[in-house]
Each structure stands twice: as C-alpha cells, then as structure tokens.
Amino acid sequence: MPRMPLLDLLLSTMTPEFWTRCCERLLAELPEQQFNTWIRPLAAPLLADEGPGQPHSSVARMEVPNRFKLDWMRSQYGRLLEDVMSDVVGSPVRLELVLSP
C-alpha cells in the first residue's frame, strides 16, 4: 500500500476533532480562566506542509484579532501551542500567529 503524502496526512488530521483534542489538552494544562480568555476564542489553525528539508513537518497558521493578542499569545502560549499540536499530529509543528484581515 503506498504511503499517504505528508500534506494529505496532515490535512486529514485537521478536522474539528484535531482542534478539539488540542483544546482538551490545553484546558488540562492551563487554568480555566486563562484557557477561556486566550485559547477558546481562537479559530482552529490552518495546517500546511513546510516542504522537504525544513526543520518542522508543518506550519499551523492561527489568526488573532489584534496586535496585543498576537504578542501575548506568542510570548505566553506559543511554545505550549506548538508542543500540543505537534503531539496531536505526531510530527513537529511550527506555529505562525498572524493578524486577522
């Protein structure tokens, strides 16, 4: 049986269940108030393949509504989000936080 290309595999895991599993893990690791304030309002990230030869298998792009939240999320939760998403996907994920259009 041929192996599924990495991007197809990652995108197949990018279901509502993927973000739900990430949120369940984050809720277990963060105080509920912090989770509800900073994580719950976020939309599920878009996951893309970084391509061969890159240190991470994929990049998760998350949109945030303003510069304050972007800076806060990056400094306070960036590493935790990357670690949880990487664990759920099963390969390294780089988090990319961007401002919503």
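Helices here are DSSP runs of H or I with at least four residues, strands are runs of E with at least two, and both are numbered from the N terminus. The model on screen is predicted, so local features need pLDDT of at least 70 and side-chain atom pairs count only at pLDDT 80 or more, while totals for chains, interfaces and linings use all residues. Residues are numbered from 1 along each chain as its sequence is written, and side-chain values use heavy atoms, with hydrogens and water left out.

**The whole chain**

Begin with the protein chain in a cartoon view, where 4 helices and 3 strands make up the secondary structure, following the order α-α-α-β-β-α-β from the N terminus. Switching to a surface view brings up an accessible surface of about 6,300 Å², 55% of which belongs to carbon and sulfur atoms; such areas come from the Shrake-Rupley method with a 1.4 Å probe, and for residues only the protein chains shown count as cover. Of the 101 residues in the chain, 38% are buried, where buried means under 20% relative accessible area, exposed means over 50%, and partly exposed lies in between (1.4 Å probe, protein chains only). If contacts (heavy atoms within 4.5 Å) are drawn between residues at least 6 apart in sequence, 66% of them join residues at least 24 apart.

**Helix α4, at its start**

Next, select Arg 67 and Asp 71, whose side chains meet in a salt bridge at 4.0 Å, N to O. The term stands for a side-chain nitrogen of Lys or Arg within 4 Å of a carboxyl oxygen of Asp or Glu. The two residues are 4 residues apart in helix α4 and are therefore separated by about one helical turn. Both ends of this pair are partly exposed, with a relative accessible area of 37% for Asp 71 and 48% for Arg 67.

**A network around Arg 25**

A search of the whole structure finds 6 salt bridges, and the next selection, Arg 25 with Glu 29 and Asp 87, shows residues linked in a network of them. In the pair of Arg 25 and Glu 29, the closest N and O atoms are 3.8 Å apart, and because these residues are 4 residues apart in helix α2 (residues 16–29), about one helical turn separates them. Arg 25 also meets Asp 87, with a distance of 2.4 Å from N to O. Asp 87 lies in helix α4 (residues 67–89) and Arg 25 in helix α2, so this pair ties together parts that are 62 residues apart in sequence. Colouring by accessibility shows Arg 25 as partly exposed at 30%, Glu 29 as partly exposed at 44%, and Asp 87 as partly exposed at 49%.

**The two cysteines**

Finally, select Cys 22 and Cys 23, and ask why the structure holds 0 disulfides, a disulfide being a pair of cysteine sulfur atoms within 2.5 Å. The closest cysteine sulfur to that of Cys 22 is in Cys 23, and at 6.9 Å it is too far for a bond. Cys 23 is accordingly in no disulfide. With the surface switched on, Cys 22 counts as buried at 0% relative accessibility, and Cys 23 is buried as well, with a relative accessible area of 14%.
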